[in-house]
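Welcome! Have a look at the structure below, and then work through some short exercises with their solutions.

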Amino acid sequence: MRIVFMGTPDFAVPTLRALHKAGHEIITVYSQTPRPAGRGKKLLAGPVHTCAAAMGLEVRTPDSLKSPTEQEAFADLNADVAVVAAYGLILPKAVLSAPRLGCINVHGSLLPRWRGAAPVQRAILAGDEETGVTIMQMAQGLDTGAMLMKRATPTDSKTAGELTEELAQTGAEMMAEYIANPADFPPQAQDDALACYAHKIEKAEARIDFGQSAEQVERQIRAFNPFPGAFFEVRGERIRVHSAVVLEGHDEPFTVIDNHLTIACGSGAIRPVTVQRAGRPIMGCAEFLRGFALPAGTRLT
């Protein structure tokens, strides 16, 4: 099958590799424009761009697909299908309808739950017991198109990074299965009444609110691992928490209640397991406390 692939981050790479390995013709790859990164602000290509270039595939990085010129160039590819995985740009109607089979998306949730930009993080924050992948026919609405395949997986105690990596592999397998036999997967309309939206993660959300329950704080820590990283501040320094456990506790929220950095929450308590000071490596809590004492009674912000 003649495929245009459209994706940008690590999440999309397994799908690109799976389709390439299956022997489909990847006509070209669309990815977001390289962005400045690092101290030198050198332009850095995204993971899909890098992977496609290593495969010898053509890569296109338009800033937008809204212009008639870009839409005509896309239509001229004469693709059977466009496979989309976390591309990051809006696809106009002319692009959606250009390939023979339209544009098919790998979405990291069980639609119609968690339409939008951050489905993995929102599922963890909400305490969902399971999430998954939906292969869907793209439409003009935000993740509103017909569903073609769905596959669930438990969230368990996974971080957003771990869950995203798992869903990326699942999505790759599902997309390869779909592309091999599209007729085997009839479209099913979403129930809009069941829809909820996974709004983009704002960095301010990563500040830990110990006024919440300990269970919610632990979800917050997992949802923002690895990015943007849940944190609290004490003595003018920001401390990132990479993992933690929930314990019983009865004290004023935001208060350290023992010498193991157990912190009282709105209900229960949380004990960080791995933490990180600015400019330092991730370390166990005991090692951290040897160099940065936070005795019982310390108030956090």
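What follows is a set of exercises on this structure, each with a worked solution.

This is a predicted model, in which local features need pLDDT of at least 70 and side-chain atom pairs count only at pLDDT 80 or more, while totals for chains, interfaces and linings use all residues. Residues are numbered from 1 along each chain as its sequence is written, and side-chain values use heavy atoms, leaving out hydrogens and water.

**Exercise 1. Find the strands that pair with strand 1, and say how the chain crosses from strand 1 to strand 2.**

Step 1. Helices (H or I, at least four residues) and strands (E, at least two) are DSSP runs, numbered from the N terminus. Two strands pair if DSSP finds at least two bridges between them.

Step 2. Strand 1 pairs with strand 2 in the parallel sense, over five bridges. Across this pairing, I3 stands opposite I26 of strand 2.

Step 3. On the way from strand 1 to strand 2 the chain passes through helix 1 (residues 13-21), making a right-handed β-α-β crossover. Right-handed means that, with the strands pointing away from the viewer, the path from the first strand over the helix to the second runs clockwise.

Step 4. Strand 6 also pairs with strand 1 in the parallel sense, over five bridges. Here M6 has V84 as its bridge partner.

Step 5. Now check how covered strand 1 is, using these classes: buried is under 20% relative accessible area, exposed is over 50%, and partly exposed is in between (1.4 Å probe, protein chains only). Five of the six residues of strand 1 are buried.

**Exercise 2. Work out which parts of the chain three of the salt bridges link.**

Step 1. A salt bridge is a side-chain nitrogen of Lys or Arg within 4 Å of a carboxyl oxygen of Asp or Glu. A search of the whole structure gives 13 of them.

Step 2. Take R2 and E25, whose side chains meet at 3.1 Å, N to O. R2 is in strand 1 (residues 2-7) and E25 in strand 2 (residues 25-30), so this pair ties together parts 23 residues apart in sequence. R2 is partly exposed at 26%, and E25 is partly exposed at 42%.

Step 3. Next, D80 and R100 form a salt bridge of 3.1 Å, N to O. D80 sits in the loop between helix 3 (68-75) and strand 6 (81-85), and R100 in the loop between helix 4 (93-96) and strand 7 (103-107), 20 residues apart. D80 is buried at 17%, whereas R100 is exposed at 57%.

Step 4. Last, E177 meets R151 at 3.2 Å, N to O. This pair links helix 6 (residues 160-180) with strand 10 (residues 147-154), across 26 residues.

**Exercise 3. Is helix 7 mostly enclosed or open, and what does N225 touch?**

Step 1. In helix 7 (residues 214-223), eight of the 10 residues are buried, so the helix is largely enclosed by the rest of the structure. Among the buried ones are V217, I221 and R222.

Step 2. These buried residues pack against helix 5 (119-125), helix 6, strand 13 (237-247) and strand 15 (269-277).

Step 3. N225 lies in the loop between helix 7 and strand 12 (231-234), and N225 is buried at 16%.

Step 4. Contact means heavy atoms within 4.5 Å. Apart from neighbours within four places in sequence, N225 is in contact with T159, A160, G161 and H242. A polar atom of the N225 side chain lies 2.9 Å from the backbone oxygen of H242.

Definitions and conventions:
Polar contact = N/O pair within 3.5 Å; in protein donor to acceptor, adjacent residues only side chain to side chain.
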